[in-house]
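Student: Could we take a close look at one part of this structure together? I'd like to go through the contacts there one by one.

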Amino acid sequence: MMTKGTSFIPDFLSDFINEIKINQSEYLSCGNGSNLTCDDQWPTNRDSDKRSIWSDVFTYVTPVIFAVGITGNTISLLVFLTKNMRKLSASVYLAALSTADLMALVFYVLVEWIRKGIPIGSGQVTAPFFESNGVCQIILFMSYSFRFLSAWLVACFTLERYIGVCHPLKRKDVCNLRSSKRIVFLAVIVSFVIASFRPWLSEVLYVGPNNVPSCTRRPEHTNLSFYL
């Protein structure tokens with residue numbers, strides 16, 4: 001017989017799964033042959049005052065985050081590329097990480113702020129150039145690639161430090177410039193290959209009552225795009 005305490009976990013998991021199914025059905029229905037985009041449909045379940053507050057936060061805080069990130073990563077990159085620092089294997093990872101973060105800031109943070117952070121009238125597009133076939137796919141590919149690469153460079157660098165500290169006898173074989181460059185190169189290739197699916201699942205569609213161009217998923221790949 002299940003007590004009140006032991007039945008909490010199955011009930012919680014059941015509610016959580018049902019919530020995922022509801023969110024998935026709403027996601028799959030919006031912008032797919034209807035007159036509503038996902039941005040038009042989601043606000044119906046949210047309080048307008050809260051939405052306005054978070055819109056203001058996104059509008060005014062994102063440029064600060066972008067400026068700090070660009071400045072910090074640029075300084076880091078210049079430091080790790082100096083003559084003395086280039087001799088360290090750790091500098092290879094950190095220089096590559098700074099580069100990946102810079103690209104992620106440009107192709108993801110900046111682009112999303114331009115698209116959603118600048119107040120415009122209903123049915124208008126801030127940057128029509130971003131909502132054109134070709135540019136849409138390139139931005140998505142670069143955004144996914146460098147965000148994925150950034151995460152795995154941190155993992156590779158952490159693993160290298162772990163080997164250097166906990167397995168000092170293997171340090172000469174792993175923690176050297178040649179190995180670090182190979183690992184970074186492999187991480188770049190893997191990131192590009194994994195992110196290559198995204199452009200093929202996306203295109204520019206004209207959605208909403210005003211036929212606003214939007215870089216979004218292809219209707220025929222709706223389920224695949226959601227799960228990936």
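Which side chain meets Arg115 in a salt bridge, and what is the N to O distance?

Tutor: Sure, and keep in mind that this is a predicted model. The partner is Glu112: its side chain and that of Arg115 meet in a salt bridge, at 3.5 Å from N to O. Arg115 and Glu112 are three residues apart in helix α4, so about one helical turn separates them.

Glu112 has another partner, though. Lys116 also meets Glu112 in a salt bridge, here at 3.3 Å, N to O. Lys116 and Glu112 are both in helix α4, with a spacing of four residues, again about one turn of the helix. The helix itself covers residues 89-116. How covered up are these two? Glu112 has a relative accessibility of 18%, so it counts as buried, under the 20% cut-off. Lys116 comes out at 54%, so it counts as exposed, over the 50% cut-off.

Now back to Arg115, which also bonds outside the helix. Glu131 forms a salt bridge with Arg115, and the closest N and O atoms are 3.0 Å apart. This pair links distant parts of the chain: Arg115 sits in helix α4, Glu131 in the loop between α4 and α5, and 16 residues lie from one to the other. Glu131 is buried too, at 11% relative accessibility. Put these contacts together and you get a network of salt bridges linking Glu112, Arg115, Lys116 and Glu131. For context, the structure holds four salt bridges.

Follow Lys116 a bit further and you reach another stretch of chain. Its C-alpha atom is 7.9 Å from that of Thr59, although the two residues are 57 apart along the chain. Residues 48-80 make up helix α3, where you'll also find Val57. Val57 is partly exposed, with 33% relative accessible area, and it belongs to a nonpolar surface patch with Ile53, Trp54, Val61 and Ile65. Together, those residues offer about 500 Å² of accessible area.

The unreviewed UniProt entry is worth a look here as well: it places "transmembrane region" at residues 57-80, 92-111, 138-163 and 183-201. In the model, residues 57-80 are 100% helix, with the end C-alpha atoms 33 Å apart. Residues 138-163 are also 100% helix, and their end C-alpha atoms lie 37 Å apart.

There's some arginine and aromatic chemistry to see as well. The charged end of Arg147 sits over the ring of Tyr108, 3.9 Å from the ring centre. Arg147 also lies over the face of Tyr144, at 5.0 Å from that ring's centre.

That brings us to the ring pairs, of which the structure holds five. One of them joins Tyr144 and Phe197 edge-to-face, with 6.4 Å between centres and 80 degrees between planes. Tyr144 is in helix α5 (residues 135-166) and Phe197 in helix α8 (residues 197-200), so this pair ties together parts that are 53 residues apart in sequence. Both rings are on partly exposed residues: Tyr144 at 28% and Phe197 at 21%.

Phe148 and Trp152 make a pair within helix α5, four residues apart, about one turn. Their ring centres are 6.1 Å apart and the planes meet at 45 degrees, so the pair is tilted. Trp152 is partly exposed at 47%, and Phe148 is partly exposed at 26%. Finally, ring pairs also link Phe141, Phe146 and Phe192 into a cluster.

Conventions:
Residues are numbered from 1 along each chain as its sequence is written. This is a predicted model: local features need pLDDT of at least 70, side-chain atom pairs count only at pLDDT 80 or more; totals for chains, interfaces and linings use all residues. Side-chain values use heavy atoms; hydrogens and water are left out. Rings of Phe, Tyr and Trp (its six-membered ring) pair if their centres lie within 6.5 Å; planes under 30 degrees apart count as stacked, over 60 as edge-to-face and the rest as tilted. Helices (H or I, at least four residues) and strands (E, at least two) are DSSP runs, numbered from the N terminus. Buried means under 20% relative accessible area, exposed over 50%, partly exposed in between (1.4 Å probe, protein chains only). A charge sits over a ring if NZ of Lys or CZ of Arg is within 6 Å of the ring centre and within 35 degrees of the ring normal. UniProt positions are given in the numbering used here, feature names are shortened, and annotations may be inferred rather than shown by experiment. Patches are made of residues with over 30% relative accessible area and no salt bridge: like charges are joined within 9 Å, nonpolar side chains (Val, Leu, Ile, Met, Phe, Trp, Tyr) within 5 Å. Accessible areas come from the Shrake-Rupley method with a 1.4 Å probe; for residues, only the protein chains shown count as cover.
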